[in-house]
Amino acid sequence: MTLPVSEDTGSLLEVYRPAGPVFVGGEGSRLIAEDGRRYLDFVSGIAVNALGYGDPAFDDAVRAALDTGLVHTSNLYRTVPGTELAAWLTERSFADRVFFCNSGAEANEGAFKFARRWSRERSRDKVEIVAFRGSFHGRTFGALAATDRSAFQEPFQPLMPGVRFLSVGDVGELGRVVSGEQTAAVIIEPILAEGGILPVPHEFLQSVREACDAAEALLIFDEVQVGLGRTGRLWAHDASGIEPDIMTLAKPLAGGLPMGAVLLTDRVASAIQPGDHATTFGGGPLVASAALAVCRKIGEPGFLEAVRRKGEVVSEMLGAIALANEKVVAVRGTGLLWGIELTVPAAEIVSAALDRQLLLVGAGPRVVRLVPPLTTTDEDLIEGVKILEGVLQA
Ligand SMILES: Cc1ncc(COP(=O)(O)O)c(C=O)c1O
C-alpha cells in the first residue's frame with residue numbers, strides 16, 4: 001500500500017498535522033517564518049526550548065562542543081560533559097545516580113525497567129505499575145501502557161501488561177490498589193501537563209509516598225514536562241517537599257537537542273547491574289554540553305525567582321481575563337506553565353492565535369496551554385497574553 005503524500009508534508013509520515021508557517025529562524029522568544037513574519041512563541045517546541053532561541057551561552061556551549069570534534073563516543077567510553085551533567089543533577093536533587101537517554105518516553109521505559117529490576121533483586125518479583133487517570137508518559141509500548149488515553153492505546157494493543165490506573169485524589173482506591181504483593185512502582189506527574197495542567201494536591205502526593213513505602217514500591221515522578229525550572233522551582237515536586245525514588249526528565253534538558261534522563265537513589269541503583277539497560281546515544285558529549293549550558297543558566301542566582309515573578313504577572317492577567325470572559329472556565333498554573341480551560345475547543349483558539357502571530361498549544365480538548373521560554377521578557381509575556389485576550393474576545 002502506498003502512503004498518501006500531501007503537498008504540505010512531502011514525504012514525511014502524516015502522524016502530525018503541522019500548522020501553516022514554515023519556520024526558518026528564531027530569536028529570543030520569537031520564531032521567524034520563511035515569509036519574514038515573526039511569531040511570539042508560547043509553545044517552546046512543547047515545553048522544550050527553555051532558553052528560547054539564540055541564547056548566547058547555549059549557542060557558545062554547542063559550538064565549543066562541536067569544536068572538540070567529539071559529537072558521540074557511545075557509552076563504551078567516558079567523556080567529561082556527561083559526568084559533569086550527572087554531578088550537576090545529583091547535587092541538586094534527591095538522586096545519587098543518573099542514566100541518560102534520548103526522550104521522555106525512553107526515560108519512563110528505563111524507570112519501569114529499573115523498578116522491576118529493583119523488585120526482582122529483592123526477591124519480590126512485583127511487576128505492576130500504577131499510573132493515574134489523565135496522565136501522559138509517552139508513546140512507546142511501556143510508556144503508552146501507563147498513558148491514560150484510549151485513542152492512543154487502542155490501535156496498538158496489546159501494550160505492556162500490568163498497568164493499573166487510579167484517580168488523583170482518591171486515597172481509598174490508592175490504599176486498595178498499591179499493594180505489597182503486586183506493585184513495583186507508582187508513576188505520577190506532580191502536575192498533569194498534557195492532561196490539562198492539573199496540579200496534584202500535595203497531600204495526595206504525600207499519600208502516594210506513604211502508600212509506596214508501606215507496599216515497598218518505588219515512587220516515580222515524571223518531570224519530563226514540568227521539571228527543570230518550568231514551575232519556578234528547579235523540580236516541580238520541590239513545592240510539595242515530597243521526594244521520589246526515581247525521577248524522569250527530558251524536554252528542556254538539552255535546550256532542544258534530544259536528551260532524557262532517569263535520576264535514581266543509590267538504594268534503587270544498587271539493584272542495577274552492568275548490562276541491565278543501555279542506549280547507544282545516551283548522554284553523548286554534544287547533548288550533555290548543551291544540557292550543562294541549560295542547567296547552569298537555570299541555576300544562576302535569580303533565574304528561578306524571575307520565573308516565579310513572571311508567573312505572577314501571567315497569573316494576574318489571566319485571572320482578570322477569566323473574570324471578564326465567559327469562554328474561560330478556569331485558569332491553572334504556576335511559574336511559566338499555564339492552562340486555560342475553555343467552553344470552546346482549544347484548537348479554535350490555537351488557530352485564531354496563530355493568525356495573530358501568537359503560538360499556543362492545547363493540553364487536552366478544551367485547555368489552551370502557555371509554556372513560553374523561561375527567558376521570555378515581561379514585555380513579551382504581556383504582549384502574548386494581550387493577544388490571547390483579543391482572541392478570546394473575538
Ligand atoms: C509528562 C510527560 N512524560 C513523557 C512525555 C514523553 O516525552 P517524549 O515525547 O520526549 O517521548 C511527555 C511528552 O509530552 C510528557 O509530557
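1. First, a term: a polar contact here is a pair of N or O atoms within 3.5 Å. The model is predicted, so to speak on paper: local features need pLDDT of at least 70, side-chain atom pairs count only at pLDDT 80 or more, and totals for chains, interfaces and linings use all residues. Residues are numbered from 1 along each chain as its sequence is written, and side-chain values use heavy atoms, with hydrogens and water left out.

2. On to the ligand's polar contacts. The side chain of Glu-194 has an N or O atom 3.5 Å from a ligand oxygen, and the side chain of Lys-251 has one 3.3 Å from a ligand oxygen. Phe-136 uses a backbone N or O atom, 3.4 Å from a ligand nitrogen. The ligand has 400 Å² of accessible area on its own (Shrake-Rupley, 1.4 Å probe), and the protein covers 82% of that.

3. Who sits around the ligand? There are 13 residues (a heavy atom within 4 Å), and Gly-104, Ala-105, Asp-222, Gln-225 and Lys-251 are the closest. Helix H4 (residues 104–121; helices are DSSP H or I runs of at least four residues) gives the largest share, three residues.

4. Now the sheet. Seven strands (DSSP E runs of at least two residues) form an open sheet in the order S4-S12-S11-S10-S7-S5-S6, with mixed pairing (at least two DSSP bridges per pair). Strands S4 (97–101) and S6 (163–166) are the edges.

5. H4 also packs on this sheet, touching S4, S5, S7, S10, S11 and S12 (heavy atoms within 4.5 Å).

Terms used: Polar contact = N/O pair within 3.5 Å; in protein donor to acceptor, adjacent residues only side chain to side chain. Axes fitted to C-alpha atoms, helices over the stretch in contact; angles between N-to-C directions.
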